[in-house]
Amino acid sequence: MMKSEPQTIFQPDTRPLKLTFLIFTGSSIMCLASAIDPLRAANRIAGTRLFDWSIVSADGEAPVTTAGLPVAVEGRFDPAANADVVVVIGGFGARFQASSTLVAALRRAAGAARAIGGVEAGTWLLGRAGLLEGRAATTHWEDLEDFAVAFPECDVRPDRYVIDGPIFTAGGASPVFDLMLHLIRTRLGMAVALDVASVFIYDQTRAATDAQPLVSLGRLDGYDPRLAQAIRLMEAHVERPLTVAAIARRAGVTARTLEKVFATAIGETPGAYYLRLRLNAARRLVLDTSEPMTDIAARTGFSSAAAFSRAFSTAFGKAPSRMRAG
């Protein structure tokens with residue numbers, strides 16, 4: 001910790017911690033719930049209010065989540081409000097909401113608070129405010145490449161969550177739940193953290209440095225590690241696809257065995273699944289970015305824009321340019 005930095009919030013401390021959650025339209029309601037509900041459960045288990053929070057928006061109006069549900073807020077974000085921690089939660093379009101007024105407010109809040117965090121696309125707003133220069137951070141895996149280009153002075157990591165001094169960032173709903181369990185564990189002890197996890201019947205805690213997967217396998221790892229390993233290999237080689245034979249070799253099985261594993265577990269061939277994984281990645285780029293189609297084709301392993309367009313049209317019923325146009 002640098003001498004000029006505030007004392008970390010991630011250490012034993014039973015004094016109440018006051019948090020401000022700044023929510024933007026387009027956020028995932030799961031991100032908000034995963035950030036707040038563990039703190040609510042910790043208060044209940046401890047029998048006292050050790051975490052106190054308020055929910056605000058940039059303009060004081062109720063932000064609407066991706067599920068179409070509005071979030072009741074206490075008012076407009078006030079950077080001068082008394083808060084130990086500011087948590088920025090954003091989703092679709094959050095990166096474009098960094099007005100000069102908001103950027104100045106985030107900088108002021110970061111200077112006054114003990115810690116400031118970004119959840120999913122909320123990290124973009126911390127970056128726009130210049131808070132990530134010389135820091136390590138993460139964001140949702142879909143945005144990692146674009147994020148690294150936008151903020152070259154930031155050490156962008158594919159981790160589930162990252163804590164770097166007074167700055168913390170999380171890639172999405174599940175990582176921020178893990179992050180909040182980590183906060184509870186470091187402040188109140190392992191027993192309280194385990195009790196909180198038990199409230200939610202939650203037993204899939206991962207290390208902060210675990211990479212965010214393109215495909216969330218859940219408990220599939222435990223059922224057939226060969227399938228899990230094959231899918232991980234596929235998602236790690238989207239731009240330059242491996243052959244099914246190469247994937248099978250790396251997974252320690254024959255190509256025929258891998259075919260059987262996929263047929264039993266997923267109901268399709270490894271090649272068909274691999275193509276679908278790449279096309280789903282391409283669709284996200286088509287809808288969520290302004291990248292040229294030739295670049296998207298290259299990033300998702302197609303030899304040409306024409307080959308990409310044909311495969312895309314077959315899978316989704318319309319050409320990528322038409323889908324982008326709406």
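This report describes the sheet, the nonpolar cores, two helix pairs and three single residues of a predicted model.

## The sheet

Six strands form an open sheet in the order E2-E1-E3-E4-E8-E7, and their pairing is mixed. E2 and strand E7 (161-164) are the edge strands, each pairing on one side only. From one strand to the next the twist averages 15°.

Two helices that pack on this sheet can be placed by the strands they touch. H1 packs on the sheet with contacts to E1, E2, E3 and E4, and its direction makes about 155° with that of E2. H5 also packs on the sheet. The strands touched by H5 are E1, E2, E4, E7 and E8, and the direction of H5 makes about 45° with that of E7.

## Strand E3 and its partners

In the strand order, E3 stands between E1 and E4. E1 and E3 run parallel and are joined by five bridges. Within this pairing, Thr-20 stands opposite Val-86, and Ile-23 stands opposite Ile-89. On the other side, E3 pairs with E4, again in the parallel sense, over six bridges. Val-87 has Gly-117 of E4 as its bridge partner.

How many of the six residues of E3 are buried? Six of the six are, and the strand is mostly covered. Val-85, Val-87 and Ile-89 point one way from E3, while Val-86, Val-88 and Gly-90 point the other way. Residues of both sets are buried.

## Two nonpolar cores

The largest nonpolar core has 40 residues. Leu-19, Phe-21, Leu-39, Phe-51, Ile-89 and Ile-184 touch the most other members. Two or more residues come from each of strand E1 (17-23), helix H1 (29-46), strand E2 (51-57), strand E3 (85-90), strand E4 (115-120), strand E8 (167-170), helix H5 (173-188) and helix H6 (190-199). H5 gives the most to this core, with nine residues. Another core lies apart from the largest one and has 26 residues, among them Val-86, Val-88, Ala-109 and Cys-154.

E3 contributes to both cores: Ile-89 belongs to the largest one, whereas Val-86 and Val-88 belong to the core of 26 residues. Ile-89 points one way from the strand, and Val-86 and Val-88 point the other way.

Which residues does Ile-184 contact, leaving aside neighbours within four places in sequence? They are Pro-38, Leu-39, Ala-42, Phe-51, Gly-189, Val-192, Ala-193 and Val-196. Among these contacts, Leu-39 and Phe-51 are also listed with Ile-184 as residues that touch the most other members of the core.

## Helix pairs

The axes of H1 and H6 cross at roughly 120° and come within 9 Å. Their crossing is right-handed. H1 makes the contact with Pro-38, Ala-41, Ala-42 and Ile-45, and H6 with Val-192, Asp-195, Val-196 and Val-199. Pro-38, Ala-42, Val-192 and Val-196 from this interface are also in contact with Ile-184.

In a second pair, helix H8 (residues 225-236) packs with helix H11 (residues 270-288) at an angle of about 40°, and their axes are 10 Å apart. Angles from 35 to 65 degrees count as oblique, so H8 and H11 are oblique to each other. Their crossing is right-handed. On H8 the contact residues are Ile-231, Met-234 and Glu-235, and on H11 they are Pro-270, Tyr-273, Tyr-274 and Leu-277.

## Single residues

Leu-277 lies in helix H11. With a relative accessible area of 7%, Leu-277 is buried. The C-alpha atoms of Leu-277 and Thr-300 are separated by 9.3 Å, and the two residues are 23 residues apart along the chain.

Glu-291 is in the loop between H11 and helix H12 (293-299). Is Glu-291 buried or exposed? Glu-291 is buried because its relative accessible area, 14%, is under 20%. Not counting residues up to four places away in sequence, Glu-291 touches Asp-146, Leu-285, Ile-296, Arg-299 and Arg-324.

Glu-120 is found in strand E4. Most residues other than glycine have a negative phi. Glu-120 is not a glycine, yet has a positive phi of about 50°. At 17% relative accessibility, Glu-120 counts as buried.

Conventions. Residues are numbered from 1 along each chain as its sequence is written. This is a predicted model: local features need pLDDT of at least 70, side-chain atom pairs count only at pLDDT 80 or more; totals for chains, interfaces and linings use all residues. Side-chain values use heavy atoms; hydrogens and water are left out. A nonpolar core is a set of buried Ala, Val, Leu, Ile, Met, Phe, Trp, Tyr and Cys residues joined through side-chain atoms within 4.5 Å. Buried means under 20% relative accessible area, exposed over 50%, partly exposed in between (1.4 Å probe, protein chains only). Helices (H or I, at least four residues) and strands (E, at least two) are DSSP runs, numbered from the N terminus. Contact means heavy atoms within 4.5 Å. Two strands pair if DSSP finds at least two bridges between them. Axes are lines fitted to C-alpha atoms, for helices over the stretch in contact, and angles run from 0 to 180 degrees between N-to-C directions. Angles under 35 degrees count as roughly parallel, over 145 as roughly antiparallel, 65 to 115 as roughly perpendicular and the rest as oblique. A crossing is left-handed if the near helix is turned anticlockwise from the far one by less than a right angle, and right-handed if clockwise.
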